[in-house]
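Good morning, and thank you for coming. Please look at the sequence and the structure as they appear on the screen, and then we shall go through them together.

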Amino acid sequence: MEGVRRDVISGVLGFAILLAGVSRPAAEQAGSPADGQLVLTGATIYPGPTDSPLSKGVVVIRDGKIAAVGRRRSVRIPKDAATLDCSGLTITAGFWNSHVHFFERKWADAANLPATEVAGQLEAMLTRYGFTSVFDLGSPWDNTRRIRERIESGEIPGPRIRSTGEGLSGKGWLPLEMGFMLRVLGVMQTESLEVEDAAGALAASKKLLDGGADGLKLHAASQFPPHATLPDEVIETAVKEAHRRNKPIFAHPTSRDGLLAAVRGGVDIVAHTTPPSGPWDEAVVGAMRQAKVALIPTLKIWIHHLRHDRASLSVERARIITGQLRAWLASGGVVLFGTDVGGMDDYDPSDEYALMAEAGMTFRQILASLTTAPAETFGESGRLGRIAPGLAADLVVLTGDLSRDARAFATVRYTIVNGKLIYQCAR
Ligand SMILES: [Zn+2]
């Protein structure tokens with residue numbers, strides 16, 4: 001990606017959005033692009049999940065980075081900068097959604113889709129909810145990389161995208177073609193990387209990582225009974241190859257056996273809770289803790305799958321999955337926020353936040369799962385995850401009160417990536 005401009009939003013569309021909500025000196029309104037300075041005033045600011053909030057705070061953005069953050073009196077506001085009045089609003093670091101998919105048919109032929117259409121799709125799925133960074137855990141990599149290139153070139157406003165490309169699965173599992181019939185009606189036909197031994201795992205891992213994928217994703221167990229698990233040598237080989245290149249490796253656990261096999265094999269991130277396994281006992285939680293994995297709970301999608309079933313089944317499932325998350329939290333485990341959108345066409349994360357709160361997460365823990373935890377897990381904490389001088393100006397401005405209601409995380413007024421306003425709520 002060398003030489004590609006990271007200025008996310010210098011295109012006509014982006015500039016129009018930028019001007020809509022920002023008051024700026026007359027000289028700039030005449031048409032010269034922003035001078036790289038933007039000041040957000042008046043908000044309650046959470047610099048990080050464990051910090052005391054700064055009331056009536058100020059964030060100064062310069063050249064895509066945070067130049068200063070603090071209370072009004074302690075920050076010098078540059079005279080000629082554009083300002084955005086955020087009085088009564090809350091500002092946090094930009095959110096990560098660490099489990100998304102760009103495999104719905106709407107993303108096909110991404111190199112040639114009209115820019116406005118791609119921008120609209122990115123907004124509907126991600127940026128209107130404050131997601132400034134996402135990890136795609138399974139999609140046609142050659143297509144997803146086109147979306148990313150068009151964002152990074154500045155043509156289209158959107159989030160930072162990382163992707164595992166196509167996931168690895170067992171021989172004959174065909175998780176997409178055979179699978180998910182109803183759920184994935186609407187998904188592109190994707191090559192399935194089926195592996196059955198160490199040699200196959202090494203070849204598939206090399207192909208993906210040589211091709212530029214940012215990590216690997218394993219289906220540790222088949223979606224369908226009897227839920228065969230990947231051989232240990234497959235998992236261990238893929239893990240070794242990912243780690244040799246300093247890349248993360250995710251597992252879709254499916255079952256208790258799949259989860260334990262993935263953890264035993266050394267994966268870094270468990271991409272789901274596991275409703276079919278029932279409650280997680282000490283053997284499961286202890287193995288996960290010992291392996292120092294991070295967990296992406298994806299609670300809402302499990303309820304979404306039961307939307308045509310009796311309500312009592314959803315109630316029972318919610319009890320199991322929030323119980324799994326509660327057990328993980330009690331052990332001190334790391335949680336990354338993720339919803340599996342793309343695999344679910346209801347993109348609103350509100351219910352995910354509510355379910356996380358039901359499992360016992362405080363709003364500060366949820367904020368960590370959206371910001372510092374993914375930044376640390378993916379080696380980006382020197383650049384992302386907090387509002388601090390020198391870090392990238394990825395920010396979310398919210399209307400709701402986080403300390404009162406977890407769903408307030410979804411009340412996004414503005415989304416800012418690299419100092420550029422890429423979404424604002426029409427109200
Ligand atoms: Zn998924």
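Is Arg160 buried or exposed? Arg160 is buried, with a relative accessible area of 14%. Here buried means under 20% relative accessible area, exposed means over 50%, and partly exposed lies in between, computed with a 1.4 Å probe on protein chains only.

Before going further, I should say that this is a predicted model, in which local features need pLDDT of at least 70 and side-chain atom pairs count only at pLDDT 80 or more, while totals for chains, interfaces and linings use all residues. Residues are numbered from 1 along each chain as its sequence is written, and side-chain values use heavy atoms, with hydrogens and water left out.

Let me begin with the overall picture. The protein has 13 helices and 18 strands; these are DSSP runs numbered from the N terminus, with at least four residues for a helix (H or I) and at least two for a strand (E). Of its 427 residues, 57% count as buried. Among contacts with a separation of 6 or more, 73% are between residues 24 or more positions apart, where contact means heavy atoms within 4.5 Å.

I return now to Arg160, in order to discuss salt bridges. A salt bridge is a side-chain nitrogen of Lys or Arg within 4 Å of a carboxyl oxygen of Asp or Glu, and by this rule the count comes to 17. Arg160 meets Asp394 in one of them, at 2.6 Å from N to O. Arg160 belongs to strand E8 (residues 160-163), whereas Asp394 is in the loop between helix H13 (372-377) and strand E16 (395-398), 234 residues apart. Asp394 also counts as buried, at 4% relative accessibility.

Strand E8 holds another such residue, Arg162, and Glu380 lies in the loop between H13 and E16, so this pair ties together parts that are 218 residues apart in sequence. The closest N and O atoms of Arg162 and Glu380 are 2.7 Å apart. Glu380 is buried, with a relative accessible area of 10%. Elsewhere, salt bridges with shared partners join Lys206, Asp210, Glu241, Arg244 and Arg245 into one network.

Helix H4 (residues 141-152) is our next stop. Its Arg148 pairs with Asp214, which sits in the loop between helix H5 (198-210) and strand E11 (216-219), 66 residues apart. The salt bridge between these two side chains is 2.8 Å, N to O. Arg148 counts as buried at 9% relative accessibility, and Asp214 does too at 12%.

How do helices H3 and H4 pack? H3 (residues 115-125) packs against H4 at an angle of about 100°, with the axes 12 Å apart. That makes H3 roughly perpendicular to H4, a term for angles of 65 to 115 degrees. Ala115, Val118 and Leu122 in H3 meet Ile147, Arg150 and Ile151 in H4.

Finally, which residues are the protein donors of the zinc ion? They are His99 (NE2), His101 (NE2) and Asp340 (OD), lying 2.0 to 2.3 Å from the ion. Donors are N, O and S atoms within 2.8 Å of the metal (3.2 Å for Na, K and Ca), and water is not among the atoms, so sites may look incomplete. His99 lies in strand E6 (residues 95-100) and Asp340 in the loop between strand E15 (334-335) and helix H11 (350-358), so the pair ties together parts 241 residues apart in sequence. His99 is buried, with a relative accessible area of 0%, and Asp340 is buried, with 4%.

Terms used:
Axes fitted to C-alpha atoms, helices over the stretch in contact; angles between N-to-C directions. Parallel < 35°, antiparallel > 145°, perpendicular 65-115°, else oblique.
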